[in-house]
Amino acid sequence: MRRNDYKLRFLDLWVQFAARPMCRAVAASLISRLTIACVRTNCSSRSLRSTPSRAPLVARASAFARVGRRPAPTWNVVARASAFATSSTAEMDFLSESDFDAMREAMTLYDEQRDTVIKRSRDITKAAKVAIYCLHRGEMDKARAQIELSASIADELRPIVDANAGLRGGSYSGGLEEYAEAVVFEHFVHTGTIATSADLPRCNHDEYLGGVLDFTGELNRYCISKATVRDVAEVRKCRDVVDALMGIFLKFDFRNGALRKKYDALKYTLKKMENTLYELSLSDAAKRAREDDDVEGDGKRAKGDGEDE
């Protein structure tokens, strides 16, 4: 196609666009300019009119160009909307508008409750994380206050979650997992044992298991802090707890999901604790060897001094 043919094709599209009442004022000036450009390029108005396929196009373009000089029609939007509403109300016998209004209101309420659950669930997670941080620092009173705050927020959201079962998963369930992790960690620090699911009535089975698996990661940090002060007995106890949990979770058949990923990380936590205990045993053995060498050296020096006398 020649360049002028492309212009004519584009002009035809604009003519079709300008056929719409609301678009005439916008497109008329462009159509006029394109018509002039087509005439000036390679062909005159006589050759355009002599071509059967192009003659209607030029005629339509000229007509719309003349229309474009007229003022655009004004539209009374408010009047049209009220007229449409009146006619629609009169023709509502074939459906129940109140039924749709009830569904719309229910969906609006659900969206508002969902936003509330998501925002407040962040506060549950935040308070539980602060509690875990305080437990690592030995600030037990602050940790207990944060755990109680997390529990109170969870209880505040409980009626909404019970009324809409779909709102439990996601943010709310993740917050309860963090809460369970904090409670299990606090229970271990105080008693040296793992809290049972009966101690966490707010959590379901998945949330409790997720909290216990997350607790093993915090237990690894706790184990390292005890290793730095050479508390071998506490390090060994942490290793034994993770080893026992590993044996228990081996009996579960987790599907691919969040619990499966957390369970897969458990074996690496156990390996880290075993390496920590092994390094402590090596350092203790080296320390005893140095002490034995010092005792043996002192004995030899004492024997040499006696022979000199």
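What percentage of the 309 residues of the protein chain count as buried? In this predicted model, the share is 33%. The secondary structure comprises 11 helices and 0 strands. From the N terminus on, the order of elements is therefore written α-α-α-α-α-α-α-α-α-α-α. Contacts were considered between residues at least 6 apart in sequence, and 71% of these join residues at least 24 apart.

Three helix pairs are described here, followed by individual residues. Two packed helices are described by the angle between their axes and the distance between the axes.

Helix α6 spans residues 97–136, and helix α7 spans residues 140–163. Their axes come within 8 Å. The crossing angle is roughly 165°. Angles over 145 degrees count as roughly antiparallel, so α6 is roughly antiparallel to α7. The crossing of this pair is left-handed. By class, 17 nonpolar, 5 polar and 4 charged residues form the contact of α6 with α7.

Two residues illustrate the surroundings of these helices. Ser150 belongs to helix α7. Its relative accessible area is 1%, so Ser150 is buried. Beyond four places in sequence, Ser150 touches Ile124, Ala127, Ala128 and Tyr179. With Ile124 there is also a polar approach: a polar atom of the Ser150 side chain lies 3.2 Å from the backbone oxygen of Ile124. Lys126 is 24 residues from Ser150 along the chain. The C-alpha atoms of Ser150 and Lys126 are separated by 8.1 Å.

Thr125 is in helix α6. Its relative accessibility is 21%, so Thr125 counts as partly exposed. The cut-off for buried is under 20%. Apart from neighbours within four places in sequence, Thr125 is in contact with Gly174, Gly175 and Glu178. Glu178 lies 53 residues from Thr125 in sequence. In space, the C-alpha to C-alpha distance between Thr125 and Glu178 is 5.7 Å.

Helix α8 covers residues 171–191. It packs against α9 at an angle of about 50°, with the axes 7 Å apart. The two helices are therefore oblique to each other. Their crossing is right-handed. On the α8 side, the contact is made by Ser173, Leu176, Glu177, Ala180, Glu181, Val184, Phe185, Phe188 and Val189. On the α9 side, the contact is made by Asp206, Glu207, Gly210, Gly211, Val212, Asp214, Phe215, Glu218, Leu219 and Tyr222. The residues of this contact divide into 10 nonpolar, 3 polar and 6 charged.

Helix α9 (residues 205–228) also packs against helix α10 (residues 232–249). The axes come within 9 Å and cross at roughly 160°. That angle makes α9 roughly antiparallel to α10. The crossing of α9 and α10 is left-handed. From α9, the contact takes in Leu209, Val212, Leu213, Thr216, Leu219, Tyr222, Cys223, Lys226 and Ala227. From α10, it takes in Glu234, Val235, Cys238, Val241, Val242, Leu245 and Phe249. By class, this contact has 13 nonpolar, 1 polar and 2 charged residues. Val212, Leu219 and Tyr222 of α9 appear in the contact with α8 and in the contact with α10.

Further contacts involve helix α11, which spans residues 258–308. Asn220 lies in helix α9. At 13% relative accessibility, Asn220 counts as buried. Not counting residues up to four places away in sequence, Asn220 touches Thr269, Lys272 and Met273.

Thr276 is found in helix α11. It counts as buried, at 12% relative accessibility. The Thr276 side chain reaches the backbone oxygen of Lys272 at 2.9 Å. Lys272 is also one of the residues touched by Asn220. Outside four places in sequence, Thr276 touches Cys223, Ile224, Ala227 and Val235. Among these residues, Cys223 and Ala227 are on the α9 side of the contact between α9 and α10. Val235 is on the α10 side of that contact. Thr276 thus touches residues from both sides of the contact of α9 with α10.

Key:
Residues are numbered from 1 along each chain as its sequence is written. This is a predicted model: local features need pLDDT of at least 70, side-chain atom pairs count only at pLDDT 80 or more; totals for chains, interfaces and linings use all residues. Side-chain values use heavy atoms; hydrogens and water are left out. Axes are lines fitted to C-alpha atoms, for helices over the stretch in contact, and angles run from 0 to 180 degrees between N-to-C directions. Helices (H or I, at least four residues) and strands (E, at least two) are DSSP runs, numbered from the N terminus. Angles under 35 degrees count as roughly parallel, over 145 as roughly antiparallel, 65 to 115 as roughly perpendicular and the rest as oblique. A crossing is left-handed if the near helix is turned anticlockwise from the far one by less than a right angle, and right-handed if clockwise. Contact means heavy atoms within 4.5 Å. Ala, Val, Leu, Ile, Met, Phe, Trp, Tyr, Cys and Pro count as nonpolar, Asp, Glu, Lys and Arg as charged, and the others, Gly among them, as polar. Buried means under 20% relative accessible area, exposed over 50%, partly exposed in between (1.4 Å probe, protein chains only). A polar contact is a pair of N or O atoms within 3.5 Å; within protein, one must be able to donate a hydrogen and the other to accept it, and residues adjacent in sequence count only if both atoms are side-chain atoms.
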